[in-house]
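Me: I am new to this structure and would like to go through some of its details slowly, one question at a time. Could you reason each answer out for me?

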Amino acid sequence: MRAQAEAIEDFAAVLRELRESVGNPPFREMSGRSGAISHTTLHEATKGNRLPSWGTTVEFVKACGADPAAYRERWERANLAVRSASAGRPASAALEGSAVSTVDAQAVHIAIEPPEAPAGDETSESRPVRPPPPGRMAGDVQATFPAPKRRRRLRLSSPGAVALTAAVIGTWAVVLIVVDRDSGKDALEEYGNRAKAALSPADCPVQATNPAAAPPRHKGDAAQFVADITLPDCTRVGTGQNITKVWRLKNSGTVPWDGYSLRRLDLPQKADNCQTISEVPIADTEPGHVVDVRTDITTPRKPGLCYVRFKMVDGTGKVAFPGSRPVNFQIIVEGP
């Protein structure tokens, strides 16, 4: 685990240097500037005992008056090194971004089913979960996929899996399922990139559809939407404005929210949409408590409807409630 320890310590050193560059403000003062994270969590981020979540990093950097976007790549690399070391594989292998590398690094399940197979059955694919680092939670994003009652499975772990599918596409329906046990990123991208018709102000309020039923990532975890504190649905705002959205949520389960955040789905952000940070931190929240979650929004210069959705992720970056609808804001942007 030497590589893992070095990655954590190197990133902690980056945060310490940033804090030193602005005069080493007390952690309580930094917590006050943030208004979203405790001084103990900020202090812990500099110790090098564990890698802070991206939400914690965002609040730390903002409390030092810096731009979190400038630290995203360094955090991603540290997070990748930590996950790769935990999985027992070199970070260089995980850095490969091609489809072939994905096949090499993870097992691929290919379900081959006849076109006339009966529809309506659902199965779930998941992988065993390794124990989480201290103070963090673990589990897999659960996804459901249509499948017939009987099917043949091939378990392949080489680039030949991709070539094999091409030979049967004309006769068979092929479903390729890759389960990422580390980040939950694939599940978020799939949910966020579902095709939908272009929306206009006349569509507001947009009625969200329910995702496939699924249990929470952590047994006993639950979240309840309480209210839109600012910018209720279909609020009208001008173009090129800086505004703030605040949701009030309640931890209605039995699991503390430690390092949770709201991750934006429609990434990368388009120029003609409302701009926000990609991951909105949620202050650590004990069961039974409510929390206000806020994000700054910059409206586009083109009028239209901003319908922006977020899924809650836990401290390890995995979807906390795969069976729940996303948190969203929808505002009507009007021209001068």
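Me: Leaving aside its neighbours within four places in sequence, which residues is T46 in contact with?
Reply: The model is a predicted one, and in it T46 is placed in the loop between helix 3 (39–45) and helix 4 (54–63). Once the neighbours within four places in sequence are left aside, the residues in contact with T46 are A12, L15, R16, F27 and F60.

Me: Is T46 buried or exposed?
Reply: The relative accessibility of T46 is 8%, and the cut-off for a buried residue is under 20% relative accessible area. T46 therefore counts as buried.

Me: How many Å apart in space are T46 and D10, C-alpha to C-alpha?
Reply: In sequence, T46 and D10 are 36 residues apart. In space, taken from C-alpha to C-alpha, the distance between T46 and D10 is 9.9 Å.

Me: Why are the buried residues of helix 2 on the same side?
Reply: Helix 2 spans residues 27–34, and its buried residues are F27, M30, S31 and S34. They lie on the same side of helix 2 because the arc they cover around the axis is only 100°. As a general point, an α-helix has 3.6 residues a turn, so residues three or four places apart point the same way. The value that places these residues on one side of helix 2 is thus the arc of 100°.

Me: Which elements do the buried residues of helix 2 pack against, and which exposed residues does the face turned away carry?
Reply: The buried residues of helix 2 pack against helix 1, helix 3 and helix 4. On the face of helix 2 turned away from that buried side, the exposed residues are R28 and G32.

Me: What is phi of N24, and is N24 buried or partly exposed?
Reply: N24 is placed in the loop between helix 1 (2–21) and helix 2 (27–34). Although most residues other than glycine have a negative phi, phi of N24 is positive, near 50°. With a relative accessible area of 39%, N24 is partly exposed.

Me: Where does C234 lie, and what is its phi?
Reply: C234 lies in the loop between strand 6 and strand 7 (235–238), and its relative accessibility of 21% makes it count as partly exposed. C234 is not a glycine, yet it has a positive phi of about 70°.

Me: Is the peptide bond from C204 to P205 cis or trans?
Reply: P205 is found in the loop between helix 9 (185–192) and strand 6 (223–228). Most peptide bonds are trans, but the omega of the bond from C204 to P205 is near 0°, and this bond is cis.

Methods
Residues are numbered from 1 along each chain as its sequence is written. This is a predicted model: local features need pLDDT of at least 70, side-chain atom pairs count only at pLDDT 80 or more; totals for chains, interfaces and linings use all residues. Side-chain values use heavy atoms; hydrogens and water are left out. Helices (H or I, at least four residues) and strands (E, at least two) are DSSP runs, numbered from the N terminus. Buried means under 20% relative accessible area, exposed over 50%, partly exposed in between (1.4 Å probe, protein chains only). Contact means heavy atoms within 4.5 Å. The arc is that of the directions from the helix axis to the C-beta atoms.
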